[in-house]
Amino acid sequence: MKGSGTGTAITGIGSAVPEQLLSNDDLSTIVDTSDEWIKTRTGISQRHLAPPSLLLSQLGANAALRALDMAGITASDVDLILLATSTADDMFGSACQIQALLGADHAVAFDLTAACSGFVVGLVTAAQFIRTGVYRNVLVIGADILSRWVDWNDRSTCVLFGDGAGAIVCQANGENDRLLGFEMHSDGSLAQALSISYNGQSQTLQEEVAIAQGNYESIKMNGKEVYRFAVAKVPEVIEKALYRADLTVQDVDWLLLHQANQRIMDTVAERLAIDNAKVLTNLSKYGNTSAASIPLCLDEAVRSGRVRPGQIIAASGFGAGLTWGAAIFKWGK
Ligand code: ACO
């Protein structure tokens with residue numbers, strides 16, 4: 001749908017997680033770990049895991065339906081669907097499958113890969129389409145099923161991740177732009193710190209024509225490097241986004257970080273001098289759900305009444321790429 005350029009408001013949010021649960025005690029029967037180690041080092045108590053029959057696109061569609069319902073619009077009102085994921089059902093992407101499941105017959109849909117920064121990148125991308133007047137109603141979905149890509153024999157990574165989806169509806173909002181500022185970065189020179197890399201074996205098709213065929217490996221992570229990166233870059237990127245919004249840390253009602261590790265969240269809050277009471281967290285129940293973690297946490301905070309319309313949220317995603325970004329927005333119209 002075409003129209004004149006307007007501001008953006010986030011008018012609906014929803015989330016969905018698989019029913020299956022795996023507690024830290026359950027995990028300690030699979031690898032050499034303990035509830036105490038996992039809780040102390042990460043803050044995670046349990047994670048929801050997708051059963052084999054559950055498609056990423058179905059999980060994403062379930063979250064999207066709740067967001068549409070809150071926004072009071074139907075799937076056929078949606079102009080654009082952005083799916084932030086690293087774990088699509090299909091290498092060609094899953095956004096179109098979500099479009100079909102929703103019956104969003106007028107929408108164009110595509111995937112966006114920016115790992116755990118994907119939701120923030122998706123929100124910023126949605127706002128650009130709305131600001132230019134090209135689209136009025138955009139669904140941004142962050143969904144990941146990383147349990148399919150974890151090495152369940154590697155205790156240094158398998159304890160961290162969980163599966164889930166979260167979605168928001170971004171709508172044209174006239175003069176009132178609720179996305180107040182943003183800042184995004186990437187540094188591919190650090191890609192090896194966190195990766196799901198492709199391992200291709202050379203195959204010769206004919207003389208002097210060779211290709212690679214193989215599979216993706218499981219998640220490899222240098223935990224210490226990712227930790228150092230996150231606590232250095234996240235406070236910085238939030239401060240830059242606040243500066244762009246002409247705001248300061250004192251104006252922030254809620255700090256909403258990618259739910260990777262409680263220690264990262266505590267350190268970032270401390271470096272920004274933001275009180276712990278203003279930090280939204282639900283990591284303990286879900287683990288690190290990658291692109292889903294920010295909307296999954298915000299959905300709970302909005303539905304429980306903690307986050308109220310007009311409040312200022314400083315959100316930051318960070319992860320593989322490496323990528324990191326922050327968006328400062330007001331919740332609601
Ligand atoms: N249970 C018990 N012991 C363990 C476990 C486990 N699950 N995992 C590792 N250990 C052991 C190690 O083998 C090591 O033992 P050793 O001293 O005998 O060699 C010891 O615990 C310490 O291991 P470290 O890796 O040094 O532990 P660290 O304190 O760095 O904590 C952690 C590891 C939690 C992964 C931390 O580095 C971290 O939080 N990093 C950030 C990771 C992250 O958040 N990644 C995701 C962000 S991006 C995204 O979301 C995709």
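User: How many Å separate the centres of domain 1 and domain 2?
Analyst: Happy to help! This is a predicted model, where local features need pLDDT of at least 70, side-chain atom pairs count only at pLDDT 80 or more, and totals for chains, interfaces and linings use all residues. Residues are numbered from 1 along each chain as its sequence is written, and side-chain values use heavy atoms, leaving out hydrogens and water. The chain divides into domain 1 (8–177) and domain 2 (180–189 + 220–330), with bounds from an automatic or database domain assignment. Taken over C-alpha atoms, their centres are separated by 16 Å.

User: Which three residues supply 20% of the area that domain 1 buries against domain 2?
Analyst: Buried area is the accessible area (1.4 Å probe) that two parts lose on being put together, summed over both. Between domain 1 and domain 2 about 3,000 Å² is buried, 65% of it from carbon and sulfur atoms. On the domain 1 side, the three that supply more than any other three are Ile 13, Cys 116 and Val 120.

User: Where does the ligand lie?
Analyst: Good one to check in the viewer! Both domains give residues to the shell around the ligand, so the ligand lies between domain 1 and domain 2.
The shell's residues divide into 10 nonpolar, eight polar and five charged, with Gly counted as polar. The place asked for is between domain 1 (8–177) and domain 2 (180–189 + 220–330).

User: Which helix gives the largest share of the shell around the ligand?
Analyst: Helices here are DSSP runs (H or I, at least four residues), numbered from the N terminus. Helix H6 (155–158) and helix H8 (262–272) are among the elements that each supply at least two shell residues. The largest share, four residues, comes from H7.
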